[in-house]
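This report covers strand pairing and nonpolar packing in a single model. The sequence and structure come next, followed by the description.

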Amino acid sequence: MNRTDRLVAMVMYLQGRRVVRAEELARNFEVTVRTIYRDIAALGEAGVPVTGEAGVGYTLVKSYHLPPVMLTTEEASALFVGGEIVKRFTDASLHQPMGTALDKLRAVLPRERQDHVERLSRHTIVMERGCGGAAQEEQAWLMPLQRAVMQRRVVTLGYQGKARAEETARDVEPLGVVFYGGGWYLVGWCRLRSDYRHFRLDRIRTLEAREEAFPVREDFSLTKHLEEGMKKMDTIPARIWFARGAQERARRECYGTLVDEGARDGGAEFSLFTYSLDWLAGWILSFGGEAEALEPAELREKVTTRIAALVERHRMEEAVV
């Protein structure tokens, strides 16, 4: 963060708090206390009314406010995506406040950034609940891909498919990003396959946004494409036992509907439909001993195989030590 950005961020930090000590500012912005003293002096010279008292801290005069339009395009995009995730992954009581907050955000943005957020909302879809947050690999690629979607720039992916040991180079026309089945996907026209494809973000190894722009595909609708794709996908019935203490989390995170099949052994059995036994096996393991895969047999086998691999890995690490 350069000094100008730090000074703006410091004003925003002070604006949200009554009194802040120099030491707290130094920790937050990862600079020395001496640097904070110089920054506070620079703000005063620029006309920002910061008052301070030795041994107490700094405060911003109540009547002073930064205009709430200083968000960058990337920051506005991140808030929009975060709002969509909140509406999908959290309790219903937060949906309306989050929607109202996003409306207020849009209202104070400059016109060009309002248009950007509006276009982004048409090309970013959160379809269902997932397990936990985005993986580190997904976080690295999400915003660059959103930018490529908005700018209609061809991207070259180094992509490692599920059944492939080696990665392949794919030239893709990015058309949208979507969250379903516990992960983020890029939806795009794959020039290698001459068809629409979904690319899991955590399987992308390299990403290059090229200068080449591609024309609008007038016959393509991201929403309709996803609806048609889901109709074609086969769902698999499954049954899981959850301990009583894990059931609230299970209902919150499960992207399908959990149907209570009856209590037993300090918990209850639940049935659901899933699109992916692999995802379901990993999710069950995240509960430790508070969940058990019951049916189908393939699901139990996947869970058992993963447990065996974990045991073997730890056994090898102990041998090395």
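In this predicted model, strand β9 (residues 236-243) is joined to β12 by four bridges, and the two strands run antiparallel. Within the β9 range, Phe242 stands opposite Ala291 of β12.

These strands belong to an open sheet of four strands, ordered β10-β11-β9-β12, with antiparallel pairing. The edges are formed by β10 and β12, each of which pairs on one side only. From one strand to the next, the twist averages 25°. Helix α10 lies across β9, β11 and β12, and runs at about 0° to β9.

| Element | Residues |
|---|---|
| β9 | 236-243 |
| β10 | 259-264 |
| β11 | 267-274 |
| β12 | 291-295 |
| α10 | 277-285 |

Nonpolar packing is described next. The largest nonpolar core has 28 residues, and those touching the most other members are Leu145, Leu157, Trp184, Leu186, Phe199, Leu201 and Ile204. Two or more residues each come from helices α4 (73-89), α5 (95-108), α6 (111-123) and α7 (136-151), and from strands β4 (153-159), β5 (168-180) and β6 (183-190). Helix α7 contributes the most, with six residues.

Which residues does Leu157 touch, leaving aside those up to four places away in sequence? Its contacts are Thr168, Ala169, Arg170, Val172, Leu186, Phe199, Ile204, Thr206 and Leu207.

A second core, separate from the largest one, has 21 residues, including Ala246, Ala250, Leu258 and Leu277.

Terms used
Residues numbered from 1 in each chain as written. Predicted model: local features only at pLDDT ≥ 70, side-chain atom pairs only at ≥ 80, totals over all residues. Heavy atoms only, no water. Core = buried A, V, L, I, M, F, W, Y, C linked by side-chain atoms within 4.5 Å. Buried < 20%, exposed > 50% of the residue type's maximum accessible area, 1.4 Å probe, protein only. Contact = heavy atoms within 4.5 Å. Pairing = 2+ DSSP bridges. Axes fitted to C-alpha atoms, helices over the stretch in contact; angles between N-to-C directions.
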